[in-house]
Amino acid sequence: MERKIFISARLVLGLIYAVFGGMGLAMAFGFMQMPQQPMPEPAMGFMKGMMGTGYFFPLLKMTETICGVFLLVDIAAPLALVVLAPVTLQIMLFHSCLTPGAGNLVLPLIMVITHVIAMSAYWSLYRPLLTHRK
């Protein structure tokens, strides 16, 4: 039963990243338009900064898409989870600090919870990274 929970969390997180990363790539390369819903000014400034670099937004979305696919097909899932951990944290912080309202926190909370659950399945691989060596 526990294994099914870990697999489900990995698949849900992988699907979120593959879909939204792919949509972001389509926006970055001009195949899709950015959503027209109004965004608070601080959030717009953050997005303009990422887009203004010319490289960061496409790199971020490519990383999200590739790691999302890796999670879906279970290729290097522990590595994909480590790479995506700061992205998940940033998404949570972006929505909690820059986009007010509880409704904006639903998907980021799902992402954080599934990320923690999925990573816990690989705890034996991560443990050596967190040990102090003399």
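**Exercise 1. Locate Ala121 and describe its surroundings.**

Ala121 is found in the loop between α5 and α6. The model it belongs to is predicted. State whether Ala121 is buried, partly exposed or exposed, and find how far its C-alpha atom is from that of Glu2.

Solution.
Step 1. The relative accessibility of Ala121 is 34%. Buried means under 20% and exposed means over 50%. Ala121 therefore counts as partly exposed.
Step 2. Along the chain, Ala121 and Glu2 are 119 residues apart. Their C-alpha atoms are separated by 9.1 Å.
Step 3. For contrast, take Thr131, which is placed in the segment after α6. Thr131 and Phe31 are 100 residues apart along the chain, and 45 Å lies between their C-alpha atoms.

**Exercise 2. Describe the protein chain as a whole.**

Give the helices and strands, their order, the dimensions and the share of buried residues.

Solution.
Step 1. Count the elements: the protein chain has six helices and zero strands.
Step 2. Read them from the N terminus on: the order is α-α-α-α-α-α.
Step 3. Take the dimensions along the principal axes: the C-alpha trace spans about 45 × 40 × 30 Å.
Step 4. Turn to burial: 31% of the 134 residues count as buried.
Step 5. Look at the contacts with a separation of 6 or more: 68% of them join residues 24 or more positions apart.

**Exercise 3. Check the length of α3 and say what covers its buried residues.**

Solution.
Step 1. α3 has 18 residues, and the expected span is 1.5 Å times one less than the number of residues, so α3 should span 26 Å.
Step 2. The end C-alpha atoms of α3 are 26 Å apart, which agrees with the expected value.
Step 3. Among the buried residues of α3 are Phe57, Leu60, Lys61, Glu64 and Leu71. An α-helix has 3.6 residues a turn, so residues three or four places apart point the same way.
Step 4. The cover over the buried residues of α3 includes α1, α2 and α4.

**Exercise 4. Examine the loop between α3 and α4.**

Which residues here have a positive phi without being glycine?

Solution.
Step 1. Recall the usual case: most residues other than glycine have a negative phi.
Step 2. Asp74, which follows α3, is not a glycine, yet its phi is positive, about 60°. Asp74 sits in the loop between α3 and α4.
Step 3. Ala76 lies in the loop between α3 and α4 as well. Its phi is also positive, near 50°.
Step 4. Check the exposure of both. Asp74 has a relative accessible area of 43% and so is partly exposed. Ala76, at 36%, counts as partly exposed too.

**Exercise 5. Find the bend in α4 and the partners of its buried residues.**

Solution.
Step 1. Helix α4 covers residues 77-98, 22 residues in total. From its first C-alpha to its last it reaches 30 Å, close to the 32 Å expected.
Step 2. At Leu84, α4 bends by about 40°. A proline, Pro86, follows within four residues.
Step 3. Leu84 is one of the buried residues of α4, which also include Ala77, Leu81, Val87 and Phe94.
Step 4. These buried residues of α4 pack against α1, α2, α3, α5 and α6.

**Exercise 6. Describe the largest pocket.**

What is its volume, and which residues are closest to its centre?

Solution.
Step 1. The volume of the largest pocket is about 1,200 Å³.
Step 2. The pocket is lined by 38 residues, of which Met39, Met47, Lys61, Phe94 and His95 are the closest to its centre.
Step 3. Assign the lining to elements: α1, α2, α3, α4 and α5 each give two or more residues.
Step 4. Sort the lining by class: 27 residues are nonpolar, eight are polar and three are charged.
Step 5. Link this to the earlier exercises. Lys61 is a buried residue of α3, and Phe94 is a buried residue of α4.

Methods
Residues numbered from 1 in each chain as written. Predicted model: local features only at pLDDT ≥ 70, side-chain atom pairs only at ≥ 80, totals over all residues. Heavy atoms only, no water. Bend = angle between axes of the 7 residues up to and from the residue. Buried < 20%, exposed > 50% of the residue type's maximum accessible area, 1.4 Å probe, protein only. Contact = heavy atoms within 4.5 Å. 1 Å grid on protein atoms, 1.4 Å probe; cavity = no way out; pocket = protein on both sides within 12 Å on 5 of 7 lines; lining within 4 Å. Points joined across faces, edges and corners; volume = space filled by probe spheres on them. Nonpolar A, V, L, I, M, F, W, Y, C, P; charged D, E, K, R; others polar.
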